[in-house]
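Dear colleague,

I am passing on a structure for you to look through, and below it I have set out what was found in it. Please keep it open beside this message as you read.

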Amino acid sequence: MSDGRVNADQEQEQNLVKPTGKRSLILILTTYFCLFVGSIASSLLAKYYFVHGGSSRWVSTWVQSAGFPLLLTLIYFPRYVFKTTTRRPFTRFTRRHLLFSVLIGFFLGINNFLFSWGTSYLPVSTSSLLLSTQLVFTLILSVLIVKQKVTFSNLNCVILLTLSSVLLALGSSSDKPAGLTKSKYYIGFASTIGAGLLFALYLPVTEKLYRSVYCYAMVMELQLMMELSATVFATIGMAFDGGFREMVNEANHVFTKGPTVYWTVAIFANVVTWQLCFAATSGMVYLTSGITGGICMTALLAMNVIGGVVVYGDKFGGVKIVSTVLCIWGFSSYIYGMYTKSKKAELMEKEKGEYSGVKTSEDGGDMEVEMGNVKDDVAAVDDRV
């Protein structure tokens, strides 16, 4: 490749990763809105499948990642349809990127399977609050993997959200659904905790991986490979367990709402909302940090609790009320801490004329600026994974 072509690529990459503060804020708000819709809808629809007669945990696992082809629109449409970028899809997508995304996707598939076990046995409100236990492990792993700085705001948030889960665990004996054995209830309980722990590892590991990319489109390309890998894992499980035959049988003979609702709501809507949730999670991790993405998702779990009470009539006694309040309190304190920190950073950076409004070194470990800024030696980026 000629020096002129290299310089042109470097200039293009610099332009891609330096949006204005206003554009960055709009991108973050849009991503969080997608996370809000995807997280709540996917949790409720996952339970909807089991409530109305669905019983295959492999089917529930498969729909969580099978929507990966939808990401192709985010990857190819900006260049070939909307003409908003000149970057070719999968530019600088290396074999290391492929290897790490496939490995992460495999563990994501295991996470999805554990989540399906938990969802099949537990009320939505209980499983949602249990998943918040991942935060303390996300913080610890973020410190170890991406050198996340521990601040009062993120430590306070983690403590409050963890207390929320501990309270729920102490009062869980009265929350067991009628007709469900204690053994199955505790299997669901342990599976959900396991899913939370795996997700706690997923967040900082993906943050580390995203530091080797230079634009939002590359994040979606990595996410595509992760979801493809998770789908292969689920498809193998489906094939060995007879999941595809079971889908047809459930649709025609088991599902209480009929085959049309089964395919459109229990399957297709699940596929779309889960993909929206995971894609938005990746976007939040890239634009902010792994711990911030985890906190944002945990805050949405409080909305899932309320959704479970409203949609499925889950019990909402004193323990869940206190747990939900602690969840909201912890998230609010973290948001306030981020706000005050960003204001200080804005004042300092405005003096230098460099502020862009998204990510500081305190939020993102070694990163000095948001959006994965590329150094002058762009070729070195691929070796940082």
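What is the mean pLDDT of the protein, and what share of its residues reach 70 or more? This is a predicted model, and its mean pLDDT is 80, with 80% of the residues at 70 or more. Two stretches call for care: over residues 1-20 pLDDT stays under 50, and the model has 31 contacts beyond four places in sequence for them, while over residues 355-385 pLDDT also stays under 50, and there the model has 93 such contacts.

**The overall picture**

The protein has 15 helices and zero strands, and 53% of its 385 residues count as buried. If you take the contacts between residues at least 6 apart in sequence, 83% of them join residues at least 24 apart. The accessible surface comes to about 17300 Å², and carbon and sulfur atoms account for 67% of that area.

**The nonpolar cores**

The largest nonpolar core has 69 residues, and the ones that touch the most other members are Leu35, Tyr210 and Tyr262. Helix 12, which covers residues 259-287, gives the most to this core, with 13 residues. A second, separate core has six residues, among them Leu130, Leu180, Tyr185 and Phe189.

Tyrosine 262 is a good residue to select in the viewer if you wish to follow its surroundings. Once its neighbours within four places in sequence are left aside, tyrosine 262 is in contact with Tyr49, Val59, Met247, Glu250, Ala251, Phe255 and Ile267.

**The salt bridges**

Side chains of opposite charge can pair when their charged atoms come close. How many salt bridges does a search of the whole structure find? The search finds two.

In one of these salt bridges, the side chain of glutamate 221 meets that of arginine 87, at 2.9 Å from N to O. This pair links distant parts of the chain, since glutamate 221 lies in helix 10 (residues 216-241) and arginine 87 in the loop between helix 4 (71-80) and helix 5 (95-121), with their positions 134 residues apart in the numbering. Are these two residues buried or exposed? Glutamate 221 counts as buried because its relative accessibility is 0%, which falls under the 20% cut-off, and arginine 87, with a relative accessible area of 5%, is buried as well.

In another salt bridge, the side chains of glutamate 207 and arginine 211 meet at 3.2 Å, again taken from N to O. Glutamate 207 is buried, with a relative accessible area of 1%, and arginine 211 counts as buried at 9% relative accessibility.

**A nonpolar patch on the surface**

Which residues form a nonpolar patch on the surface? They are Phe33, Phe36, Val37, Leu276, Met303, Ile306, Val310 and Val311, and together they have about 670 Å² of accessible area. The elements that give two or more residues to the patch are helix 2 (21-51) and helix 13 (290-312), and the largest share, four residues, comes from helix 13.

Valine 37 shows how a residue qualifies for the patch. This valine is found in helix 2, and its relative accessible area of 32% makes it partly exposed. Because patch residues need over 30% relative accessible area, valine 37 at 32% passes that cut-off.

**Single residues to look at**

Where is arginine 92 placed? It sits in the loop between helix 4 and helix 5, and its phi is near 60°, a positive value in a residue other than glycine. At 23% relative accessibility, arginine 92 counts as partly exposed, because that value lies between the 20% and 50% cut-offs.

Lysine 147 likewise has a positive phi, of about 60°, although it is not a glycine. Its place is in the loop between helix 7 (134-146) and helix 8 (152-170).

Asparagine 111, by contrast, lies in helix 5 and counts as buried at 7% relative accessibility. With its neighbours within four places in sequence left aside, asparagine 111 is in contact with Ala195, Leu198 and Phe199.

With best wishes

How values were computed. Residues are numbered from 1 along each chain as its sequence is written. Side-chain values use heavy atoms; hydrogens and water are left out. Patches are made of residues with over 30% relative accessible area and no salt bridge: like charges are joined within 9 Å, nonpolar side chains (Val, Leu, Ile, Met, Phe, Trp, Tyr) within 5 Å. Accessible areas come from the Shrake-Rupley method with a 1.4 Å probe; for residues, only the protein chains shown count as cover. A salt bridge is a side-chain nitrogen of Lys or Arg within 4 Å of a carboxyl oxygen of Asp or Glu. Buried means under 20% relative accessible area, exposed over 50%, partly exposed in between (1.4 Å probe, protein chains only). A nonpolar core is a set of buried Ala, Val, Leu, Ile, Met, Phe, Trp, Tyr and Cys residues joined through side-chain atoms within 4.5 Å. Contact means heavy atoms within 4.5 Å. pLDDT is the predictor's confidence in each residue, from 0 to 100.
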